[in-house]
Amino acid sequence: MCKKVNIIWASVIAVTMISVSSCSKRAFDINSPNPNQPSVVSPDYVLSAALVSSANLVFGGNANFANGWMGYWATYGEQSPAVLSYNITNDFYSGNWDDTYVTLENYKFIEDQSYTPEKAYFLAIAKVMKAFHFQRLVDLYNNVPYRDALIERNSFPKYDSAAAIYPDLILQLDSAVGIIKNADLVTVENPGANDVMYHGEMNEWVKFANTLKLKILMRQTQMAGGSANITSNLSGLGSGDFLGAGEDAAINPGYSNSSRAQQNPLWQNVGYGTDGSPTGGNFYTRANSYAVNFYKITNDTQRLKLFYAPNENGAIRGRAFGSSDVGQGNSVISGIGSGVLLAPGMSAAILPAFESLFLQAEAAQRGFIPGDPAALFKAAVTESFHSLGLSDYQNAAQKFYSQSDNRVNIDVSSNKIKTIILQKWAALNASDPIESYSDWRRLGIPSDLPVSVYPGTTATHIPFRLLYPTSEFHYNAANVNGQGNINQFTSKIFWMP
């Protein structure tokens, strides 16, 4: 675990693009000591870079494995055998751990520098973003270093129980909301342009915090006593308290096509170079036949052609996950579509509005919050169509969810929770596959998610979790070994049934 506090230094490039440092020594890494840099930096200058780092973690490739496992993406040829075979190691997508803790160190820095009335908003934002990242860590690894993790001079942080971390995340989010609502409007400093997500609109940060709280609580629906705990923690909250249509939690520091480093991280990951040529990620990322077939059989033609690009014959075609048939090349199997790759300057929505609306629809259907679950579901589907850049998205969405098919029409569905989660899965393609992965582990939906056909694969289901990274065994061996023998197929996240 990278324990040195790596303060992310802001650097103004073109339209205030912020460079991000990390333990993995990526572009613009400035971890080396510099006598010309001050020893104390205002949180104003760290906030924008920390938020950009969050966007990079979500869209820079760390979640690509989940896009494959959840039936959205396949690969050209036999790329990424560990992903295709589930034969993962401790080095498998370890950026989800190593880079996340570097980013958390920076939010902790902001937090530590903001315990004054003037910096109250910065304190609240740091608490919210720490909760965002710690939830992702728990959802991927279960027990993780939490209370000891960000303490300077503690090189061997103890692991906390995941079941104990989740309730504290709720407390931190409630605290952040209280800090924002009780701030002295005369003296408090608004983060303004340094807030590259909501530009200082603190009511949106309150909604984002409440939505994260809802997301954390909905993970626990299958746990003993979960319903009572969820109901209690959501008391007094309704649809107006969460992110609604058009209110994406979306980061944009000024993404553009001026240079590769300035592109939106998803575009940089699986999109195109500044000259318009496909990147390696774009070349090797292909449509998964499972999702393609689902969109086709549910007559979801509008989203199908936006999630995936037509092949040379103008058709959308996928391949089975794990297929090694290189004869079905890129001229036959579809790539990533224009609705996913809108533009190199598009915002990075770390929690899109449609995801919030699906969470609300499920919560309302289960009786945890007031509201009409059908109306929330329809709003979520509509917002999904909108997010893909479809001009006539309202009519297209209404035509889609009005079909006489319980997979898309909540009004006729005999299992409304299943309908909500299926359409949530359909909407999250390339957007937040970790959320889909969590829903599958929590509810088993989609129930027919196929196992990889990669040669030699013997697994009966996709893995339940990731393995602790090599860095922990090098630098925090006693504590990570104390977690026992971890197996990706049998070791579960605490909220799983």
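Biologist: What phi does Gly 367 take just after α13?

Modeller: In this predicted model, Gly 367 has a positive phi of about 85°, directly following helix α13.

Biologist: How do you know that the span of α13 agrees with its number of residues?

Modeller: Helix α13 comprises 13 residues, 353-365, which at 1.5 Å a residue should span 18 Å; the C-alpha atoms at its ends are 18 Å apart, so the two values agree.

Biologist: What makes α13 largely enclosed by the rest of the structure?

Modeller: A residue is buried when its relative accessible area is under 20%. Of the 13 residues of α13, 12 are buried, so the helix is largely enclosed. Among them are Phe 354, Glu 355, Gln 360 and Glu 362. The cover over the buried residues includes α7 (202-218), β6 (348-351), α14 (373-387), α16 (416-427) and α17 (433-443).

Biologist: Which residues touch the most other members of the largest nonpolar core?

Modeller: That core has 153 residues, and those touching the most other members are Phe 65, Trp 69, Met 129, Trp 205, Phe 208, Tyr 308 and Ile 350. Helix α5 (residues 120-141) gives the largest share of this core, 16 residues. Beyond its neighbours within four places in sequence, Tyr 308 has contacts including Tyr 72, Tyr 295, Ile 336 and Asn 429.

Biologist: Why is the chain called as compact as a globular protein of its length?

Modeller: The secondary structure of the chain comprises 19 helices and 6 strands. Its radius of gyration is 22 Å, and the globule rule gives 23 Å for 497 residues; the values are close, so the description holds. Of these 497 residues, 60% count as buried.

Definitions and conventions: Residues numbered from 1 in each chain as written. Predicted model: local features only at pLDDT ≥ 70, side-chain atom pairs only at ≥ 80, totals over all residues. Heavy atoms only, no water. Helix = DSSP H or I, 4+ residues; strand = E, 2+ residues; numbered from the N terminus. Expected span 1.5 Å × (residues − 1). Buried < 20%, exposed > 50% of the residue type's maximum accessible area, 1.4 Å probe, protein only. Contact = heavy atoms within 4.5 Å. Core = buried A, V, L, I, M, F, W, Y, C linked by side-chain atoms within 4.5 Å. Rg over C-alpha atoms; globule rule 2.2 N^0.38 Å.
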